[in-house]
Amino acid sequence: MRRTCEGILVCHEHNHPHILMLQIANAFFKLPGDYLRPEDDEIEGFKTRLDERLAPVGRIGEGEEASDWDVGECLAQWWRPNFETFMYPFIPAHVTRPKECKKLYFIHLPKSKVLCVPKNMKLLAVPLFELYDNTARYGPQLSAIPHILSRYNFEFVDENGGVAAMTPGAGAPDGYVPKTKVLAGEDAEMKEEVEENGAQ
(Lines give C-alpha, C1' and ligand atoms only; values in the text may rest on other atoms or scores of the structure.)
Protein backbone atom coordinates (compact mmCIF):
# COMPACT_ATOMS: atom_id res chain seq x y z
CA MET A 1 0.00 0.00 0.00
CA ARG A 2 1.32 3.41 -0.93
CA ARG A 3 1.71 5.90 1.92
CA THR A 4 1.32 9.65 1.51
CA CYS A 5 1.85 12.40 4.08
CA GLU A 6 0.83 16.03 3.66
CA GLY A 7 1.15 18.95 6.05
CA ILE A 8 -1.39 21.53 7.19
CA LEU A 9 0.60 24.74 7.76
CA VAL A 10 -1.47 27.44 9.45
CA CYS A 11 -0.66 31.14 9.40
CA HIS A 12 -2.89 34.17 9.98
CA GLU A 13 -3.76 37.38 8.20
CA HIS A 14 -6.28 39.96 9.43
CA ASN A 15 -6.82 37.78 12.51
CA HIS A 16 -8.14 34.86 10.47
CA PRO A 17 -6.48 31.44 9.96
CA HIS A 18 -5.01 30.76 6.52
CA ILE A 19 -3.69 27.46 5.13
CA LEU A 20 -0.47 27.42 3.10
CA MET A 21 -1.06 25.52 -0.13
CA LEU A 22 0.79 24.84 -3.35
CA GLN A 23 -0.91 25.90 -6.57
CA ILE A 24 0.13 24.12 -9.75
CA ALA A 25 -0.56 25.60 -13.20
CA ASN A 26 -2.90 28.23 -11.73
CA ALA A 27 -5.58 25.59 -11.26
CA PHE A 28 -4.63 22.63 -9.09
CA PHE A 29 -4.23 23.02 -5.31
CA LYS A 30 -2.44 20.62 -2.97
CA LEU A 31 -0.90 20.55 0.48
CA PRO A 32 2.90 20.30 0.90
CA GLY A 33 3.99 16.67 1.05
CA ASP A 34 4.44 13.63 -1.15
CA TYR A 35 4.61 9.86 -1.31
CA LEU A 36 6.90 8.00 1.09
CA ARG A 37 9.39 5.36 0.05
CA PRO A 38 8.56 1.84 1.28
CA GLU A 39 11.62 1.79 3.55
CA ASP A 40 11.05 5.27 5.04
CA ASP A 41 9.93 5.88 8.59
CA GLU A 42 6.68 7.82 8.41
CA ILE A 43 7.66 11.00 10.29
CA GLU A 44 11.29 11.17 9.16
CA GLY A 45 10.33 10.40 5.58
CA PHE A 46 7.65 13.08 5.74
CA LYS A 47 10.20 15.64 6.96
CA THR A 48 12.44 14.73 4.03
CA ARG A 49 9.56 15.30 1.60
CA LEU A 50 8.84 18.68 3.20
CA ASP A 51 12.49 19.63 2.70
CA GLU A 52 12.24 18.67 -0.97
CA ARG A 53 9.11 20.78 -1.42
CA LEU A 54 9.68 23.82 0.78
CA ALA A 55 13.30 24.03 1.99
CA PRO A 56 15.42 26.78 0.37
CA VAL A 57 17.79 25.32 -2.21
CA GLY A 58 21.44 25.45 -1.13
CA ARG A 59 20.71 26.69 2.40
CA ILE A 60 20.78 23.31 4.13
CA GLY A 61 23.91 23.45 6.25
CA GLU A 62 24.11 27.26 6.10
CA GLY A 63 22.03 28.11 9.13
CA GLU A 64 19.25 25.81 7.93
CA GLU A 65 19.08 22.28 9.29
CA ALA A 66 17.67 19.39 7.30
CA SER A 67 14.30 18.05 8.49
CA ASP A 68 13.81 21.03 10.81
CA TRP A 69 10.04 20.57 11.00
CA ASP A 70 7.82 20.28 14.05
CA VAL A 71 5.32 17.63 12.96
CA GLY A 72 2.27 17.58 15.21
CA GLU A 73 -0.62 15.18 15.46
CA CYS A 74 -2.32 13.38 12.60
CA LEU A 75 -5.54 15.26 11.86
CA ALA A 76 -7.10 13.08 9.15
CA GLN A 77 -6.68 9.92 7.10
CA TRP A 78 -7.94 9.45 3.55
CA TRP A 79 -8.09 6.07 1.83
CA ARG A 80 -7.94 5.16 -1.85
CA PRO A 81 -9.74 1.79 -2.18
CA ASN A 82 -8.81 1.25 -5.85
CA PHE A 83 -6.85 2.87 -8.66
CA GLU A 84 -9.32 5.72 -9.16
CA THR A 85 -8.62 9.32 -8.17
CA PHE A 86 -11.35 9.67 -5.55
CA MET A 87 -10.44 9.07 -1.89
CA TYR A 88 -12.63 8.42 1.15
CA PRO A 89 -12.23 9.35 4.84
CA PHE A 90 -13.02 5.70 5.65
CA ILE A 91 -12.31 2.24 4.23
CA PRO A 92 -15.38 0.87 2.44
CA ALA A 93 -16.67 -2.36 3.94
CA HIS A 94 -15.98 -4.44 0.83
CA VAL A 95 -12.32 -3.29 0.57
CA THR A 96 -9.70 -5.39 2.36
CA ARG A 97 -6.52 -4.06 0.71
CA PRO A 98 -6.71 -0.32 -0.01
CA LYS A 99 -4.23 1.03 -2.53
CA GLU A 100 -3.19 4.20 -0.68
CA CYS A 101 -3.42 5.87 2.71
CA LYS A 102 -2.97 9.64 2.90
CA LYS A 103 -2.40 11.25 6.29
CA LEU A 104 -2.70 14.96 7.03
CA TYR A 105 -0.41 16.21 9.80
CA PHE A 106 -0.54 19.50 11.67
CA ILE A 107 2.78 21.35 11.20
CA HIS A 108 3.75 23.76 13.97
CA LEU A 109 5.45 26.72 12.32
CA PRO A 110 8.07 28.81 14.15
CA LYS A 111 7.86 32.57 14.47
CA SER A 112 9.76 32.98 11.19
CA LYS A 113 10.78 30.51 8.51
CA VAL A 114 12.04 30.82 4.94
CA LEU A 115 10.14 28.69 2.41
CA CYS A 116 11.00 28.02 -1.21
CA VAL A 117 8.87 26.40 -3.92
CA PRO A 118 9.63 25.18 -7.47
CA LYS A 119 9.15 27.57 -10.37
CA ASN A 120 6.08 25.76 -11.64
CA MET A 121 4.27 26.19 -8.31
CA LYS A 122 2.97 29.03 -6.16
CA LEU A 123 2.71 29.09 -2.38
CA LEU A 124 -0.62 30.63 -1.43
CA ALA A 125 -2.25 31.39 1.91
CA VAL A 126 -5.90 30.38 1.54
CA PRO A 127 -8.34 31.54 4.26
CA LEU A 128 -10.60 29.03 5.96
CA PHE A 129 -13.76 30.79 4.78
CA GLU A 130 -12.59 30.28 1.19
CA LEU A 131 -12.08 26.55 1.74
CA TYR A 132 -15.28 25.92 3.66
CA ASP A 133 -17.97 24.19 1.58
CA ASN A 134 -16.03 24.88 -1.63
CA THR A 135 -15.69 21.34 -2.95
CA ALA A 136 -16.10 22.46 -6.55
CA ARG A 137 -12.83 24.44 -6.47
CA TYR A 138 -10.68 22.66 -3.86
CA GLY A 139 -12.07 19.13 -3.73
CA PRO A 140 -13.44 17.20 -0.73
CA GLN A 141 -10.10 16.81 1.07
CA LEU A 142 -9.09 20.47 1.16
CA SER A 143 -12.61 21.78 1.73
CA ALA A 144 -12.82 19.55 4.84
CA ILE A 145 -9.87 21.30 6.53
CA PRO A 146 -12.08 23.93 8.28
CA HIS A 147 -14.04 21.07 9.86
CA ILE A 148 -10.82 19.38 10.95
CA LEU A 149 -9.43 22.57 12.53
CA SER A 150 -12.69 23.52 14.25
CA ARG A 151 -11.55 21.61 17.35
CA TYR A 152 -8.77 24.16 17.95
CA ASN A 153 -8.84 27.63 19.47
CA PHE A 154 -6.32 29.93 17.81
CA GLU A 155 -4.33 32.79 19.31
CA PHE A 156 -3.08 35.30 16.76
CA VAL A 157 0.31 36.67 17.77
CA ASP A 158 1.69 39.94 16.42
CA GLU A 159 5.31 40.70 15.49
CA ASN A 160 6.15 41.61 19.09
CA GLY A 161 4.94 38.29 20.45
CA GLY A 162 1.75 39.68 21.97
CA VAL A 163 -1.66 38.07 21.49
CA ALA A 164 -3.57 40.35 19.10
CA ALA A 165 -6.76 38.26 18.94
CA MET A 166 -8.08 34.80 19.61
CA THR A 167 -10.84 32.43 18.54
CA PRO A 168 -13.49 32.15 19.62
CA GLY A 169 -13.77 35.84 20.43
CA ALA A 170 -13.04 36.55 24.07
CA GLY A 171 -12.84 39.58 26.28
CA ALA A 172 -9.78 41.76 26.60
CA PRO A 173 -6.89 40.39 28.70
CA ASP A 174 -6.63 41.47 32.32
CA GLY A 175 -5.11 44.91 32.70
CA TYR A 176 -5.73 45.90 29.07
CA VAL A 177 -6.45 49.62 28.63
CA PRO A 178 -7.81 50.72 25.24
CA LYS A 179 -5.87 53.56 23.65
CA THR A 180 -6.81 56.16 21.07
CA LYS A 181 -4.35 57.24 18.41
CA VAL A 182 -4.97 60.45 16.45
CA LEU A 183 -4.01 60.02 12.81
CA ALA A 184 -4.87 63.53 11.58
CA GLY A 185 -6.34 66.79 12.82
CA GLU A 186 -5.96 68.69 16.07
CA ASP A 187 -9.37 68.44 17.68
CA ALA A 188 -9.16 69.67 21.28
CA GLU A 189 -11.77 67.18 22.47
CA MET A 190 -9.87 64.36 20.81
CA LYS A 191 -6.67 65.50 22.52
CA GLU A 192 -8.39 65.32 25.88
CA GLU A 193 -9.61 61.79 25.13
CA VAL A 194 -6.10 60.78 24.08
CA GLU A 195 -4.63 62.10 27.32
CA GLU A 196 -7.31 60.33 29.37
CA ASN A 197 -6.72 57.03 27.59
CA GLY A 198 -2.97 57.29 27.97
CA ALA A 199 -2.00 57.28 24.28
CA GLN A 200 1.15 59.04 23.16
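How do the residues of the lining of the largest pocket divide into nonpolar, polar and charged? They divide into 13 nonpolar, three polar and six charged, and the legends below, all of which refer to a predicted model, begin with an overview before turning to that pocket.

**Figure 1. Overview of the protein chain in the predicted model.** The protein chain, which has 200 residues, of which 37% are buried, contains five helices and nine strands. Read along the sequence, these elements follow the pattern β-β-β-β-α-β-β-β-α-α-α-β-β-α. A search of the whole structure finds 10 salt bridges, some of which are taken up in the later views.

**Figure 2. The largest pocket, with a space of about 740 Å³.** Its lining is made by 22 residues, and those that lie nearest the centre of the pocket are Val10, Cys11, His12, Leu109 and Pro110. The elements that give two or more residues to this lining are β1, β2, β6 (100–108) and β8 (155–157). In the lining of the largest pocket, 13 residues are nonpolar, whereas six are charged and three are polar.

**Figure 3. The second largest pocket, with a volume of about 510 Å³.** Here 22 residues form the lining, and Phe28, Phe29, Lys30, Lys102 and Gln141 are the closest to the centre of the pocket. At least two lining residues come from each of β1, β3 (28–30), β4 (33–35), β6 and α3, and among the contributors α3 gives the most, with six residues. The lining of the second largest pocket divides into 10 nonpolar, four polar and eight charged residues.

**Figure 4. The salt bridge between Arg53 and Asp34.** The closest N and O atoms of this pair are 2.8 Å apart. Arg53 belongs to helix α1 (residues 42–54) and Asp34 to strand β4, so that the salt bridge links distant parts of the chain, with the two positions 19 residues apart in the numbering. Asp34 has a relative accessible area of 22% and is therefore partly exposed, since buried residues are those under 20%.

**Figure 5. A salt bridge within helix α1, and the network to which its residues belong.** Arg49 and Glu52 form a salt bridge in which the closest N and O atoms are 3.3 Å apart. Both residues lie in helix α1, where they are three residues apart, about one turn of the helix. Arg49 counts as buried because its relative accessibility is 5%, which falls under the limit of 20%. Together with Arg37 and Asp40, Arg49 and Glu52 are linked in a network of salt bridges.

**Figure 6. The salt bridge between Glu73 and Arg151.** In this pair the closest N and O atoms are 3.8 Å apart. Glu73 lies in strand β5 (residues 70–80), while Arg151 lies in the loop between α4 (145–149) and β8, so the pair ties together parts that are 78 residues apart in sequence. The two partners fall into separate accessibility classes: Glu73, with a relative accessible area of 37%, is partly exposed, whereas Arg151, at 57% relative accessibility, counts as exposed.

**Figure 7. Two loop residues with positive phi, His14 and Asp133.** The phi of His14 is near 55 degrees, a positive value in a residue other than glycine, and the place of this residue is in the loop between β1 (2–13) and β2 (16–24). With a relative accessible area of 73%, His14 is exposed. Asp133 likewise has a positive phi, near 55 degrees, and is a residue other than glycine; Asp133 lies in the loop between α2 (128–131) and α3 (135–143). Asp133 is exposed, because its relative accessible area is 65% and the class begins over 50%.

**Figure 8. A nonpolar surface patch made by Val157, Val163 and Met166.** The patch has an area of about 210 Å². One of its residues, Val163, is found in strand β9 (residues 163–166). Val163 counts as partly exposed, because its relative accessibility is 41%, a value that lies in between the limits of 20% and 50%.

Key
Residues are numbered from 1 along each chain as its sequence is written. This is a predicted model: local features need pLDDT of at least 70, side-chain atom pairs count only at pLDDT 80 or more; totals for chains, interfaces and linings use all residues. Side-chain values use heavy atoms; hydrogens and water are left out. Helices (H or I, at least four residues) and strands (E, at least two) are DSSP runs, numbered from the N terminus. Buried means under 20% relative accessible area, exposed over 50%, partly exposed in between (1.4 Å probe, protein chains only). Patches are made of residues with over 30% relative accessible area and no salt bridge: like charges are joined within 9 Å, nonpolar side chains (Val, Leu, Ile, Met, Phe, Trp, Tyr) within 5 Å. Accessible areas come from the Shrake-Rupley method with a 1.4 Å probe; for residues, only the protein chains shown count as cover. A salt bridge is a side-chain nitrogen of Lys or Arg within 4 Å of a carboxyl oxygen of Asp or Glu. On a 1 Å grid over the protein atoms alone, a cavity is a set of points where a 1.4 Å probe fits but cannot get out, and a pocket is an open set with protein on both sides within 12 Å along at least five of seven lines; lining residues have an atom within 4 Å of a point. Grid points are joined across faces, edges and corners, and a volume is the space filled by probe spheres set on the points. Ala, Val, Leu, Ile, Met, Phe, Trp, Tyr, Cys and Pro count as nonpolar, Asp, Glu, Lys and Arg as charged, and the others, Gly among them, as polar.
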